[in-house]
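Subject: Structure handover

Hello,

Here is the structure you are taking over. The notes after it go through what was found, topic by topic.

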Amino acid sequence: MSRIAYVNGQYVPHAEAQIHVEDRGYQFADGVYEVAAIFRGRIIDEDGHLVRLKRSLDELDMAMPMPDRPFAAVCRETLRRNRVQDGIIYIQVSRGVSRRDHPFPEDVKPALVMTARAVDWPANADDDTGAEVVSIADIRWLRRDVKSISLLPNVLAKQEAREKGAYEAWLIDADGMVTEGSSTNAWIVDDDGKVVTRQLDHNILGGITRSTVIKLARENGIEVVERPFSLAEALASPEAFLSSTTSFVRGIIGIDGSVIGDGAPGPVTRRLRGLYLDYCRGAGVNE
Ligand code: PDD
């Protein structure tokens, strides 16, 4: 089945989907994006993704490309045309097309692109093997809370991780603290079984999975502490894991070649992974 992309008001064959060479997203990375998971036809945490998209746009003084209802309709139509029941939707908004010049152009409409593709979550969800991570200096800009399409440091970090045989890179700030992964949030479990993840501020992206996992943990009697933790603390922790839309909750079994816990995803991690996957298989709506 051929894929379809939504590009600035039109549904076009994916292979022919194009944007203008002077789209500011292409030239300046002047844009933002969202990735949401689809489970059994439902967009997981749709409201959370919409709120974050609007926040990212707002922080960059950009407008939503259209009101909420038609926007939601385009999401659904993109999923329908691609027959995605389980998969992901990618949404990108750039400041628009204009002659290349750094200041914001006047009277330019934001450009909206959406793509969707099927992912076999049931198979993926059964894969409970843990991941290896490697630590890499965090060289990103200082507004990581904005989900900007400017991802070069993230791309370089992920590539370095993959070249070292790891799944993810954990990014380390100047104080030796873990900020987050190149495309995931970072977590550890302390000796008391409390779950620790860095607090929300400009240093990390506020993951939608992160906030749902915090909510599910608290509802299920697992204490969550939002504070920075160092690489040294992570190395000495009984458990570590990562979270994101496409990785869900995934155990970490090694950091920089050192074994974490007993080298398999730990009990708190497995419990949270189960809770999160149940949530996705069920409502997937974060009230
Ligand atoms: N990445 N931190 C960073 C830097 C990210 O890029 C992401 C998401 C996350 C997790 O956020 P969420 O739980 O909302 O997916 C944390 C997406 C999936 C991506 O770039 O593909």
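A polar contact here is a pair of N or O atoms within 3.5 Å; within protein, one of the two must be able to donate a hydrogen and the other to accept it. Please keep in mind that this is a predicted model.

E239

With that cut-off in hand, start at E239, which sits in strand β13 (residues 239-244). A polar atom of the E239 side chain lies 3.1 Å from the backbone nitrogen of V268. What is the nearest side chain of opposite charge to E239? That is R270, 7.2 Å away. A salt bridge needs a side-chain nitrogen of Lys or Arg within 4 Å of a carboxyl oxygen of Asp or Glu, and E239 has none although it is buried. Apart from neighbours within four places in sequence, E239 is in contact with I188, V189, I260, G266, P267, V268 and T269.

Salt bridges

Side chains of opposite charge can pair when their charged atoms come close. The structure holds 23 salt bridges. One of them joins the side chains of R273 and D128, at 3.4 Å from N to O. R273 belongs to helix α8 (residues 267-281) and D128 to the loop between α4 (121-126) and β7 (131-137), so this pair ties together parts that are 145 residues apart in sequence. R273 is buried because its relative accessibility is 6%, while D128 is partly exposed at 33%.

Two further pairs are worth listing:

- D138 and R140 meet in a salt bridge at 2.9 Å, N to O. D138 counts as buried at 11% relative accessibility, and R140 is buried with a relative accessible area of 11%.
- E233 and R227 meet in a salt bridge at 2.8 Å, N to O. E233 is partly exposed at 28% relative accessible area, and R227 is partly exposed at 27%.

In addition, salt bridges link R55, E59, R143 and D145 in a network.

Largest pocket

Rolling a probe the size of a water molecule over the atoms shows where empty space is left. The largest pocket has a volume of about 760 Å³. Its lining is made up of 36 residues, and those nearest the centre are Y33, K147, S182, S183 and T184. Two or more lining residues come from each of β3 (31-39), α5 (152-163), β9 (178-181), α6 (208-219) and β13. Which element gives the largest share of the lining? It is α5, with five residues. The strand that holds E239, β13, is among the contributors to this pocket.

Backbone and long-range points

Most residues other than glycine have a negative phi, and most peptide bonds are trans. N8 is not a glycine, yet has a positive phi of about 45°. N8 lies in the loop between β1 (4-7) and β2 (10-13) and is partly exposed, at 42% relative accessibility. D45 also has a positive phi, of about 50°, without being a glycine. D45 is in the loop between β4 and α2 (46-59). Is D45 buried or exposed? D45 counts as buried because its relative accessibility is 5%, and the cut-off for buried is under 20%.

Strand β4 (residues 42-43) contains R42, which is partly exposed with a relative accessible area of 42%. R42 and G282 are 240 residues apart in sequence, but their C-alpha atoms are 9.5 Å apart in space.

Regards

Note on methods. Residues are numbered from 1 along each chain as its sequence is written. This is a predicted model: local features need pLDDT of at least 70, side-chain atom pairs count only at pLDDT 80 or more; totals for chains, interfaces and linings use all residues. Side-chain values use heavy atoms; hydrogens and water are left out. Helices (H or I, at least four residues) and strands (E, at least two) are DSSP runs, numbered from the N terminus. Buried means under 20% relative accessible area, exposed over 50%, partly exposed in between (1.4 Å probe, protein chains only). Lys and Arg count as positive and Asp and Glu as negative; His and the chain ends are not counted. Contact means heavy atoms within 4.5 Å. On a 1 Å grid over the protein atoms alone, a cavity is a set of points where a 1.4 Å probe fits but cannot get out, and a pocket is an open set with protein on both sides within 12 Å along at least five of seven lines; lining residues have an atom within 4 Å of a point. Grid points are joined across faces, edges and corners, and a volume is the space filled by probe spheres set on the points.
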